Amino acid sequence: MKPGTVYFVGAGPGDPELITVKGRRLLDAADYVLFTGSLVPDVMFAGLRAVIEDSKGIDLDEMERRLVTHARAGERVVRAHTGDPSVYGAIHEQIVRLERAGVPWEVVPGVTSAFAAAAALGAELTIPELTQTVILTRVEGRTSMPPGEKLADLAGHGTLCLYLSATLTDKLARELIGAGMPETTPVAIVQYASMPQQRILRGTLATIAAQVREARMREQAMVLVGPALDPELRFRGGHESRLYASDFSHRFRKATPAEPHQDAPQDAPKEETP
Ligand code: SAH
């Protein structure tokens with residue numbers, strides 16, 4: 001860890017064990033940690049030697065002042081973000097300011113909440129022949145969506161992972177149904193994914209808004225929409241990836257029967273090396 005550098009660390013979705021080994025090491029060695037108190041749980045920081053401050057309630061100028069001051073003093077600085085810093089992390093504007101101040105910086109990735117939610121559901125977001133695309137997005141709220149990225153434009157394309165949208169499920173369902181998605185499209189919501197107070201709702205575009213209202217689910221909830229979220233899928237069989245099929249050849253395994261397939265996936269598992 002280089003003194004004088006600001007490390008943007010993805011702290012993961014909440015479970016203190018879901019931070020990377022590197023992120024943990026940087027936190028342990030840090031002199032100064034600035035974190036988002038409303039989202040990253042305090043338990044992440046238990047026992048640290050660093051001075052720890054909450055970024056809740058301070059504006060970007062003040063954030064810049066603190067990061068730059070501590071870095072220029074030669075301290076080891078961590079700016080901890082929930083999930084992965086690259087997803088709705090607002091790191092862009094912090095990086096611009098660090099660059100301007102000539103302070104070196106680095107980003108350490110984390111487990112984004114969409115993947116923690118998928119884990120909680122035991123769902124694969126890319127089910128063969130059903131969907132092979134994952135979209136990370138949000139419902140338009142106070143932040144307007146750029147052209148081509150409204151929900152209606154994204155409807156029907158793969159699995160939608162909707163951040164910052166739990167309070168907007170009415171609008172979300174209305175817009176997706178309005179864009180032609182069936183009312184029966186499966187929806188799953190995971191609140192506080194990976195944390196002790198985790199809660200899960202499963203429903204459809206037709207039911208989800210009422211379910212969320214009834215459960216009073218408002219904060220830190222991830223909304224996943226699409227056919228891959230159908231809880232019945234696993235009982236139906238089919239939709240198996242070709243990767244492990246016995247007649248499917250790839251770089252690391254020869255097919256057993258004659259006709260091997262040519263289109264070897266690049267992500268073939270290494271443990272299958274002959
Ligand atoms: N950088 C973060 C996202 C920050 S935006 C990440 O990669 O996850 C904040 C939104 O993230 C929340 O509105 C919610 O939709 C989602 N979120 C964050 N933590 C969550 C958790 N533990 N469970 C479910 N959703 C979460």
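These legends go with close-up views of one strand and the ligand site.

The model is predicted, so to say: local features need pLDDT of at least 70, side-chain atom pairs need pLDDT 80 or more, and totals for chains, interfaces and linings take in all residues. Residues count from 1 along each chain as its sequence is written, and side-chain values use heavy atoms, leaving out hydrogens and water.

**View 1. Strand β2 is covered on both faces.** Look at residues 32-35 (strands are DSSP E runs of at least two residues, numbered from the N terminus). Y32 and L34 sit on one side, V33 and F35 on the other, and all are buried (under 20% relative accessible area, 1.4 Å probe, protein chains only).

**View 2. β2 pairs with β3 and with β4.** Pairing here takes at least two DSSP bridges between two strands. Four bridges link β2 to β3 (residues 51-54), running parallel, and Y32 faces V51 there. With β4 (residues 77-81), β2 is again parallel over four bridges; V33 has V78 as its bridge partner.

**View 3. The ligand has 16 residues around it.** Those surrounding residues have a heavy atom within 4 Å of the ligand; the closest are P13, V87, T112, S113 and A221.

**View 4. Backbone atoms make polar contacts with the ligand.** Such a contact is a pair of N or O atoms within 3.5 Å. A ligand nitrogen is 2.7 Å from a polar backbone atom of V87, while ligand oxygens lie 2.9 Å from one of D84 and 2.8 Å from one of A221. Alone, the ligand exposes 540 Å², and the protein buries 94% of that (Shrake-Rupley, 1.4 Å probe).

Note on methods:
Buried means under 20% relative accessible area, exposed over 50%, partly exposed in between (1.4 Å probe, protein chains only). A polar contact is a pair of N or O atoms within 3.5 Å; within protein, one must be able to donate a hydrogen and the other to accept it, and residues adjacent in sequence count only if both atoms are side-chain atoms.
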